[in-house]
Amino acid sequence: MITLLVISLVFGGRIASAQVPERSPADAQVEKPLPRRDTIEIDARKLLTPATDASINKGLAFLAARQHTDGSFGSGSIYRRNVAVTGLAGMSMLAAGSTPSRGKYATEIKLSIDFILKHSKPSGYILCEESPSHGPMYGHGFATLYLAEVYGMTPQENVRTALKNAVNLIVGSQNPEGGWRYDPDGKDADISVTVCQMMALRAARNAGIAVPRETVDRCTEYVKKCQNGDGGFRYRLEPRPQSQFPRSAAALVALNSAGIYEGPEIRSGIEYLLRFSPRAELFRYENHFYYGHYYAVQVMWHRGGEGWENWYSGIRDELVERQLPDGSWPDSLICAEYGTAMACLILQMPNNYLPIFQR
């Protein structure tokens, strides 16, 4: 049986361990139970106020109502039936405690999985040709992440096959610098697409799928090289070494996904992020608002303590204020389903349900 190096070896994690076998569906046919809410840290649980719960429920109801009959999510001429938006919407429902077989959104989750599987190519590429969007590897990364979270909860042979193929495509399309970009051709790289692939690989490894150590190491070095002197991160290695909040938050998540939670890159990166602590008036017109805070809240969640509480409280109040009466969070760059899924994921971070987010 193929063996898998655990986090301490592949992802540089904190706990040493021996080798463990890659899991097959035969190893676990029973759906894994969600963690009990009483295992959630008290300081995190208390941040989920009644107003926050009401906001999350409205957002999830909006998403359920906007799901297409084929199980997909997304709207507009570019992002309709998009695999990334579909994956994120499904994850937001998993984060509420539903699974493909139980819970309020079990039907919606199952339909979304069927859509992703239908558009998983024999090559491993997850792509709906009717909605290629801007940079298909974004979609592939988020869809692979979703499959990994699903497989970690409900081991099914068809999900495992699609997930393994998707991981192999990511590994095989890494460029010489160590990153990825819009297409799986290994010709270029940027920090944003690279983070999507890194999170997908970490989630797949968590679910028992083998990931080469070399792939992780090369990606980690690429991300570190993209860090600027101010602690923020540039978009690509060569042109315009300008730091920006959204991609800097994403880059730190990539390092966390590689098992790096301490060190000079993390310290200076967090110091940079703290310049952008959420306030009601600060991000009113910020581009990539949801993208940036989706990653930033993960960084702060893993940091813990007062820094986490302050950050979450700020973005929580900002999101509750931004929500529209129909339950959505609009996003002019992509679509309302994307903004709503991202907002629900951010708000539900204290639930601690999704394996990829767990401390």
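This is a short walk through one predicted protein model, from confidence to core to charged pairs.

Some ground rules. Residues are numbered from 1 along each chain as its sequence is written, and side-chain values use heavy atoms, with hydrogens and water left out. As this is a predicted model, local features need pLDDT of at least 70 and side-chain atom pairs count only at pLDDT 80 or more, while totals for chains, interfaces and linings use all residues.

Confidence, then. pLDDT is the predictor's confidence in each residue, on a scale from 0 to 100. The mean for the protein is 88, and 85% of its residues reach 70 or more. Two stretches fall short: pLDDT stays under 50 over residues 1–21, and again over residues 23–40. The model does place contacts there, a contact being heavy atoms within 4.5 Å. Counting those beyond four places in sequence, residues 1–21 have 51 and residues 23–40 have 45.

Next, the core. A nonpolar core here is a set of buried Ala, Val, Leu, Ile, Met, Phe, Trp, Tyr and Cys residues joined through side-chain atoms within 4.5 Å. Buried means under 20% relative accessible area, exposed means over 50%, and partly exposed is in between, using a 1.4 Å probe and protein chains only. The largest such core has 110 residues, and those touching the most other members are V223, Y294, Y295, L319, L354 and F357. Helix α7, residues 136–153, gives the most to this core, with eleven residues. Helices are DSSP runs of H or I with at least four residues, strands are runs of E with at least two, and both are numbered from the N terminus.

What does Y295 touch, leaving out residues up to four places away in sequence? Its partners are F142, V195, C196, M199, A249, A250 and V253.

Helix α11 covers residues 245–257. Its 13 residues reach 18 Å from first C-alpha to last, close to the 18 Å expected at 1.5 Å a residue; the expected span is 1.5 Å times one less than the number of residues. How many of the 13 residues of α11 are buried? The count is 13 of 13. After the helix comes G259, with a positive phi near 90°.

T215 is in helix α10, residues 213–225. T215 is buried, at 5% relative accessible area, and, again leaving out residues up to four places away, it touches V171, Q174, W180 and L201.

Cysteines now. A disulfide is a pair of cysteine sulfur atoms within 2.5 Å, and a search of the whole structure finds zero. Two cysteines to look at on screen are C128, buried at 1% relative accessible area, and C335, buried at 4%.

That leaves charge. A salt bridge is a side-chain nitrogen of Lys or Arg within 4 Å of a carboxyl oxygen of Asp or Glu. The structure holds eleven of them.

R81 takes part in two of the pairs I want to show. With D70, the closest N and O atoms are 2.6 Å apart. D70 sits in the loop between α3 (50–66) and α4 (76–79), and R81 in the loop between α4 and α5 (83–94), eleven residues along. With E130, the N to O distance is also given as 2.6 Å. E130 lies in the loop between α6 (106–118) and α7, so this pair ties together parts that are 49 residues apart in sequence.

Buried or exposed: which is R81? R81 counts as buried, at 14% relative accessibility. D70 is partly exposed at 25%, and E130 is exposed at 61%. R81 also has a positive phi of about 60°, although it is not a glycine.

Another residue other than glycine with positive phi is N352, near 65°. N352 lies in the segment after α15 (336–347) and is buried at 16% relative accessibility.

A pair within one helix: E318 and R322 meet in a salt bridge at 2.8 Å, N to O. Both lie in helix α14, residues 305–322, four residues apart, about one turn. An α-helix has 3.6 residues a turn, so residues three or four places apart point the same way. E318 is buried at 1% relative accessibility, and R322 is buried at 16%.

Finally, R181, D188, D190 and R236 are linked in a network of salt bridges.
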